[in-house]
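Student: I would like to go through this structure and ask what the terms used for it rest on.
Tutor: Go ahead.

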Amino acid sequence: MSKDKFLWGSATAAYQCEGAWDEDGKGPSIWDDYCHSTANLTGITGDVSCDHYHHFKEDIKMMAEGNQNTYRFSLSWSRILPKDDHVVNEAGFRFYDELIDECEKYGIVPNVTLVHYDLPDYIGTWTNPKVSDEFAYYASVVFKHFGNRIPLYTTINEPNHNAYCNYCVGNYPPNETNLQHYCECAYNMILCTAKAVKEFRKLNLNSLIGIVQGCGPAVSLKDDPEYLEAVKYCDYFCNDWVLDPAIKGILEDELIEAVKAKGIDLSFVDPNFKDIIKNNTIDFLGQNIYSRMLVKPNTSGITSFTVNNAGNNDGTNNSARETRAIKDWFEFDRDENTQLNKWGREIYPKCGYITLTKRKERYGNIPIYITENGHGCYDIADENGYVEDDERIEFLNNYLQWILKAKEDGVNVQGYYVWSTMDLYSWINGYKKRYGLVRVDYEDGNLKRTPKKSYYWYKEFIKKYQNI
Ligand code: BG6
């Protein structure tokens, strides 16, 4: 399987699509527990979702027929290591082996994320001091089993967004608003990546290892000193703590001092921390592209966070806008010329270009894969299940033009993935907010798949740009 040509594909995540939540020896995960608990006010779960566990052959065939040559998916940690005894569930490996067999059959390159938001319930939370050693063990088991069959591994999906939802907004388990815990979680995530990279290097594989970052860099509408200061602090909060250690093997002292000045107790930091991150950096960056971080100085004097999938956001125009603010650091700005989606998030295609060129500015020529780009909508299907999703096509096409321009202008872009391969569970938004290139009929009892207009559009787009 060649990862040398440009990769065109689409992406999913285990909890969001697999279903089969307790089948074939899988252990419970924190999202199983959360969705089954009273904290889940909607009662909606990923127990079945689009049942990729039983439909993966059909899903991968459809990808191949759509000219896609790569598939980004994640592994369920608790399917592979269901209990805290380190004993592997062979049926878990068997499922992913068969899935990769299917990819190989069509020449589809697997791009595999070790953790996409979901931890085994015996780990509990990202603040568990044992999480990085447990993660390193899990990672080593995975690397040894799959080896070069997986050409692209990534450690964690969107550490920042994950930590942010867990500990700032509190809409993901453990549903807290606690900046001290946000920092402990962030620290553990940094260590998880470094320790997994260490395990990876021991095996001298031909594969590459990376991380997936969710946010784009912070930007502002003005470039006076106060605005640039706000940009710097937003980048500390959203970007630098994830990418500086992972790519450059450092965490700037100024960032650490700024965190301490916020009253965060950093006594949990291991004295060897700097050495661990210095020696274990990644090979490539996975960058998800949705929107920019548009910021200004914090004049409100408040710290507050809302996100596009907080429980109160229902996709109407009354939805809370996606914002974040940290007292004395920054707050989100609003550009009235920029459209918002129904969940209060900016639709700003140029952020693809800005993100990629700024990444190159800070991190040089590192290979970059756009690991997610997609548009959530309330799709309307006709009587045959067909969706004319022109809005999604317009979104993808506009973003892609800017992404391709960044590539032309010298950013080392190696691949692109639409979020998502087919409709799946959209975390707190449940199933109504859809992103798929392929529609899933959740009502018909068979979870029937029907490619949308965007699927056929993407198929042609890939054909046109396959040799870039
Ligand atoms: C990305 C996540 O940030 O956004 C996906 O990696 C997620 O898992 C996607 O589904 C869209 O977000 P949401 O909340 O609208 O499903």
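Student: In strand 11, which residue is the bridge partner of alanine 325?
Tutor: The partner of alanine 325 is glutamate 331 in strand 11. The model is a predicted one.

Student: What makes strand 10 and strand 11 a pair?
Tutor: Two strands count as paired if there are at least two bridges between them. Strand 10 and strand 11 have 2 bridges, in the antiparallel sense, so by that criterion they pair. In their hairpin, 3 residues lie between the strands, and aspartate 328 takes a positive phi near 70°.

Student: How many bridges join strand 9 to strand 10?
Tutor: There are 3, and the two strands run antiparallel. Serine 304 stands opposite alanine 325 in strand 10.

Student: What is the bridge partner of lysine 296 in strand 11?
Tutor: Glutamate 331 is the partner of lysine 296. Strand 8 (residues 293-296) and strand 11 (residues 330-332) pair antiparallel over 2 bridges.

Student: In what order do the strands form the open sheet?
Tutor: The order is 6-8-11-10-9, with 5 strands and mixed pairing. Strand 6 (218-219) and strand 9 (304-306) are the edge strands, as each pairs on one side only. Helix 9 (residues 225-248) packs on this sheet, touching strands 6, 8, 9, 10 and 11. The direction of helix 9 makes about 135° with that of strand 8.

Student: Why is helix 9 called oblique to helix 12?
Tutor: Helix 9 and helix 12 (residues 351-363) pack at an angle of about 50°, with their axes 12 Å apart. Angles under 35 degrees count as roughly parallel and 65 to 115 as roughly perpendicular. The angle falls in neither range, nor is it over 145, and therefore helix 9 is oblique to helix 12. The crossing of helix 9 and helix 12 is right-handed.

Student: Which residues of helix 9 meet helix 12?
Tutor: Asn239, Asp240, Leu243, Asp244, Ile247 and Lys248 in helix 9 meet Arg359, Arg362 and Tyr363 in helix 12. By class, this contact has 3 nonpolar, 1 polar and 5 charged residues.

Student: What makes helix 5 oblique to helix 6?
Tutor: Helix 5 (residues 90-105) and helix 6 (residues 131-146) pack at about 45°, and their axes are 12 Å apart. That angle lies outside the parallel, perpendicular and antiparallel ranges, so helix 5 is oblique to helix 6. Helix 5 passes helix 6 in a right-handed crossing. Phe93, Tyr96, Asp97 and Ile100 in helix 5 meet Val141, Val142, His145 and Phe146 in helix 6. The contact of helix 5 with helix 6 divides into 6 nonpolar, 1 polar and 1 charged residues.

Student: How do you know that arginine 201 and aspartate 283 meet in a salt bridge?
Tutor: The N to O value for arginine 201 and aspartate 283 is 2.9 Å. The cut-off is within 4 Å, so the pair qualifies as a salt bridge. Arginine 201 is in helix 8 (residues 179-202), while aspartate 283 is in the loop between helix 11 (273-278) and strand 7 (284-288), 82 residues apart. The whole structure has 34 salt bridges.

Student: Where is the cis peptide bond with omega of about 15° that involves proline 174?
Tutor: That bond joins proline 173 and proline 174. Proline 174 is in the loop between helix 7 (159-169) and helix 8.

Notes
Residues numbered from 1 in each chain as written. Predicted model: local features only at pLDDT ≥ 70, side-chain atom pairs only at ≥ 80, totals over all residues. Heavy atoms only, no water. Axes fitted to C-alpha atoms, helices over the stretch in contact; angles between N-to-C directions. Helix = DSSP H or I, 4+ residues; strand = E, 2+ residues; numbered from the N terminus. Left-handed = near helix turned anticlockwise from the far one by under 90°. Contact = heavy atoms within 4.5 Å. Nonpolar A, V, L, I, M, F, W, Y, C, P; charged D, E, K, R; others polar. Salt bridge = Lys/Arg side-chain N within 4 Å of Asp/Glu carboxyl O.
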